[in-house]
Amino acid sequence: MNAPVPLEAPPCPICGGTAYTLALRGARDHVWRKPGTFEVHVCDACGLAATRPRPTADGLGFYYEGTYSGEGEEGMRRFQTESALGRLIARYRLAVMRKARRLGAADHLLDVGCSYGGFLRVARKDTGCRTSGIDLDAGSIEKAVDRDVTDYHVGLLTGVELGDRRFSVITFFESLEHHTDPVAALRRAHDLLLPGGLCVVEVPNFGGLWRRVFRTYWLPLLIPQHLYHFTPTTLRRALEAAGFQRVVHQQTMFLPLEGIASLGIWLARVLRSPPPGSKPSWRTPIDVTLALALVALYFVFEIPSQAVLRVLGLAGHQTALAIKGESTTQA
Ligand SMILES: [Zn+2]
């Protein structure tokens, strides 16, 4: 394991444990191709998997630079805020949330890790709810949509000043695993929710089938930007450690993308072995053939297999819906 930035290995955020067992070694950033190799260790006491050791807060800046926003990310912004597929994903998330609560005009929704505000736009238009968003990435918030009606903040949930605002729903879509202390973030969410409020957490499922098959090539591992790797059990434990008494619904999700993408990452690595840090290219005939084969596999294999894995609880993503108790005791 090596990285060009300072590293740290804090205690487990759920149980405070410091005894860990190695689960994966030699993991690297296959998406943005930043240098360094990392390991995933599992807490002996509670089972939470962590990138360990991990970059310090300053070191993480290096791994985020030019990733989630910045040069060339206009396509990502358009995908999230304007594309039909972006809207479909947002509506799927709203449908999962309805298993606990149907949003309406009386609701105030806070999306943590809101990026360009695509989910908030769909939620507001479809349900009439008020919307707020927070993201650590100033570049995303600068270009976020509907700034006249959505209240945006730059920062970490644990540090941002929100005055006396309280929310009926707080969502974390693919964001909790980026937090340096996910339990502290959930605890702040618990504090910011009205009694009876709903917390929605969607994260990759470290217990899923493709994670076991592809190991360090599994796309949602996204290391070292992902600091924690939840299974359904450890996600529930994190919510309970933050004060949520009831997890009313939990399921693995139909989000068909990771199987073929992970296979593509593995093939690119095995067939080409490019030096770490080099830019990906898609220019040779082999690349084009591979890309077409993967697209074909996507339709005949990925979509059906994800549907089956979701039913088995082994899909690559999961959602938990937790309710804040009506009468709460502050820690
Ligand atoms: Zn632990």
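Trainee: What covers the buried residues of helix α6?
Mentor: The cover includes β9 (167-173), β10 (193-204), β11 (228-229) and α8 (232-241). Contact here has a cut-off: the C-beta atoms of two residues, placed from the backbone, lie within 7 Å. Helices and strands are DSSP runs numbered from the N terminus (H or I, at least four residues, for helices; E, at least two, for strands). Bear in mind that this is a predicted model: local features need pLDDT of at least 70, side-chain atom pairs count only at pLDDT 80 or more, and totals for chains, interfaces and linings use all residues. Residues are numbered from 1 along each chain as its sequence is written.

Trainee: Which residues of α6 are buried, and what earns a residue that word?
Mentor: In α6 (residues 182-192) they are P182, V183, A185, L186, R188, A189 and H190. Buried means 20 or more other C-beta atoms within 10 Å of the residue's own, exposed means 12 or fewer, and partly exposed is in between, with C-beta atoms placed from the backbone.

Trainee: Why is β9 called largely enclosed?
Mentor: Put its residues to that test: 7 of the 7 are buried, so the rest of the structure largely encloses β9. Over the whole chain, 43% of the 331 residues count as buried.

Trainee: And D148, buried or exposed?
Mentor: D148 has 5 other C-beta atoms within 10 Å, so it is exposed. You'll find D148 in the loop between α5 (138-142) and β8. From D148 to L290 is 45 Å, C-alpha to C-alpha, with their positions 142 residues apart in sequence.

Trainee: How do you know which strands β9 pairs with?
Mentor: Two strands pair if DSSP finds at least two bridges between them. Strand β6 (residues 108-112) has 4 bridges to β9, running parallel, with L109 opposite V169. On to β10: 6 bridges join β9 to it, again parallel, and F173 has E202 as its bridge partner there.

Trainee: Then why is the sheet's pairing called mixed?
Mentor: Strands of a sheet pair through backbone hydrogen bonds, either parallel or antiparallel. While β9 and β10 run parallel, β12 and β13 (residues 317-323) run antiparallel, joined by 7 bridges. One facing pair there is H249 and L321. The open sheet has 7 strands in the order β8-β7-β6-β9-β10-β13-β12.

Trainee: What makes β8 and β12 edge strands?
Mentor: Each of them, β8 (150-154) and β12 (246-253), pairs on one side only. Neighbouring strands in this sheet are turned by 15° on average, direction ignored.

Trainee: Which residues meet where α3 and α4 touch?
Mentor: G86, R87, A90, R91, R93 and L94 of α3 meet G118, F119, V122, A123 and D126 of α4. By class that contact has 5 nonpolar, 2 polar and 4 charged residues. Nonpolar covers Ala, Val, Leu, Ile, Met, Phe, Trp, Tyr, Cys and Pro; charged covers Asp, Glu, Lys and Arg; the others, Gly among them, are polar.

Trainee: How many helices and strands are in the chain, and what makes it as compact as a globular protein of its length?
Mentor: The chain has 10 helices and 13 strands. Its radius of gyration is 19 Å, close to the 20 Å that the globule rule gives for 331 residues, so the comparison holds. The radius is taken over C-alpha atoms, and the rule is 2.2 Å times the number of residues to the power 0.38.

Terms used: Axes are lines fitted to C-alpha atoms, for helices over the stretch in contact, and angles run from 0 to 180 degrees between N-to-C directions.
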